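Here's a protein with two bound molecules to look over. Let's walk through it by asking and answering.

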Amino acid sequence: MNKVKTIGILTSGGDAPGMNAALRAIVRSAVVKGIRVVGIKRGYNGLIKGDIIELDLRSVSDIIHKGGTYLYTARCLEFKDEAGVDLAVETCKKFGIDGIIVIGGDGSFRGAADLSAKGIPCVGIPGTIDNDIAASDYTIGFNTALETICECVDKIRDTSQSHDRCSIVEVMGRDAGWLALESGIAVGATIILVKEIPFDFQKDVIDRINRTIKTGKKHFIIVVSEGLELDVNEFAKHVERETNIVTRATVLGYIQRGGSPSVMDRVMATKMGAYAVNLLEKGKGNRVVVMQKNKLVDIDIFDALAMKKEFDFDAYNMANSVNI
Ligand code: ADP
Ligand code: F6P
């Protein structure tokens with residue numbers, strides 16, 4: 001691959017706090033290297049339609065602390081077909097884009113792999129609150145979402161405690177239980193339910209609550225991952241019926257995706273953004289920037305997509321032994 005002259009950046013899939021910090025770092029580090037940068041709006045839609053803006057040093061001022069994405073994001077079904085990818089390649093030629101940085105989840109990386117296969121060098125940066133990218137120990141936005149969940153559940157806990165109630169809180173994560181696991185540990189949830197670990201309602205929920213009641217506990221928090229697709233209001237009724245403890249459910253929803261990125265997400269996003277530019281500058285495309293064992297490294301995008309992320313069963317068991 002030749003040295004890149006124009007980098008295109010897009011954010012794709014669900015937004016995540018820290019995407020703007022990554023965008024800022026990419027623009028700044030590319031411009032100082034003499035590389036032109038353009039923003040592609042609304043994910044792969046913008047690439048298909050040619051919705052492109054020029055980005056200079058000052059165009060990314062005052063966004064490091066903002067949630068959402070300045071470039072907007074979208075899901076683009078058309079891009080899943082070869083015809084859509086071909087249109088995107090045409091746009092790249094038209095705007096002189098010879099390298100693309102995609103900030104998103106593994107769906108977005110699949111799109112980047114398709115583009116790479118058509119000769120447009122792409123680099124992926126993991127950005128999703130779900131932390132579900134196998135190749136990376138961390139994805140931008142996860143920490144901020146955890147902070148938000150924690151803040152919300154702490155508030156729920158206040159009222160749950162004063163009423164001696166049980167509170168069921170559903171958190172996001174798509175099919176992955178990482179947000180549920182880590183927030184459950186952080187809020188001291190009596191029960192954490194995730195798709196990765198099958199549970200028995202009587203043994204793992206009712207018996208556990210009844211055992212805990214005997215130790216003097218009077219209020220309970222149950223964190224449920226959305227991947228289980230439970231109707232948490234119905235679930236609350238079952239828990240109340242079986243335990244005689246008034247039980248209420250809260251679905252936290254999109255509040256988890258918004259807000260100012262945490263320090264960790266700003267720093268991680270900045271490092272990953274600068275790293276991605278260095279790769280393209282060195283003529284390295286078709287890579288994903290990932291965090292492994294506390295170090296930033298890059299791996300082949302196709303290898304990254306073939307990897308499977310194993311759930312942290314040890315942390316889950318530890319939580320069950322501490323949160324009693
Ligand atoms: P995420 O990137 O957060 O996992 P999605 O799975 O919704 O989010 O994917 C975001 C976008 O990436 C999709 O709307 C589509 O444009 C593109 N994409 C997803 N899967 C593929 C695929 N298999 N081939 C090509 N593009 C894909
Ligand atoms: O991938 C991030 C995420 O917020 C998931 O946790 C959730 O399942 C999904 O996106 C929701 O997507 P949408 O914005 O399409 O409702």
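The questions below cover the two ligands and one tryptophan.

This is a predicted model, where local features need pLDDT of at least 70, side-chain atom pairs count only at pLDDT 80 or more, and totals for chains, interfaces and linings use all residues. Residues are numbered from 1 along each chain as its sequence is written, chains are lettered from A and ligands numbered from 1 in the order in which they are written, and side-chain values use heavy atoms, leaving out hydrogens and water.

Q: Which helix gives the largest share of the shell around ligand 1?
A: There are 16 residues around ligand 1, and among those that come nearest are Arg-75, Cys-76 and Gly-105 (a residue is near if one of its heavy atoms lies within 4 Å). By class, this shell has three nonpolar, seven polar and six charged residues (Ala, Val, Leu, Ile, Met, Phe, Trp, Tyr, Cys and Pro count as nonpolar, Asp, Glu, Lys and Arg as charged, and the others, Gly among them, as polar). Six of the shell residues come from one helix (a DSSP run of H or I, at least four residues, numbered from the N terminus), and that is residues 106–117, helix H4.

Q: How much of ligand 1 does the protein bury?
A: Start with the polar contacts (pairs of N or O atoms within 3.5 Å): a backbone N or O atom of Gly-107 is 3.0 Å from an oxygen atom of ligand 1, and a polar side-chain atom of Ser-108 is 2.5 Å from an oxygen atom of ligand 1. A polar side-chain atom of Asp-114 sits 3.2 Å from a nitrogen atom of ligand 1. On its own, ligand 1 exposes 560 Å² (Shrake-Rupley method, 1.4 Å probe), and the share of that buried by the protein is 85%.

Q: Which side chain has an N or O atom 2.3 Å from an oxygen atom of ligand 2?
A: The surroundings of ligand 2 include Arg-75, Asp-130, Tyr-254 and Arg-257. For Arg-75, the side-chain N or O atom is 2.5 Å from a ligand 2 oxygen, and for Arg-257 the distance is 2.9 Å. The 2.3 Å pair belongs to Tyr-254.

Q: Is Trp-178 buried or exposed?
A: Trp-178 belongs to helix H6, residues 178–187. Its relative accessible area is 10%, and buried means under 20%, exposed over 50%, and partly exposed in between (1.4 Å probe, protein chains only). So Trp-178 is buried.

How values were computed:
A polar contact is a pair of N or O atoms within 3.5 Å; within protein, one must be able to donate a hydrogen and the other to accept it, and residues adjacent in sequence count only if both atoms are side-chain atoms. Helices (H or I, at least four residues) and strands (E, at least two) are DSSP runs, numbered from the N terminus.
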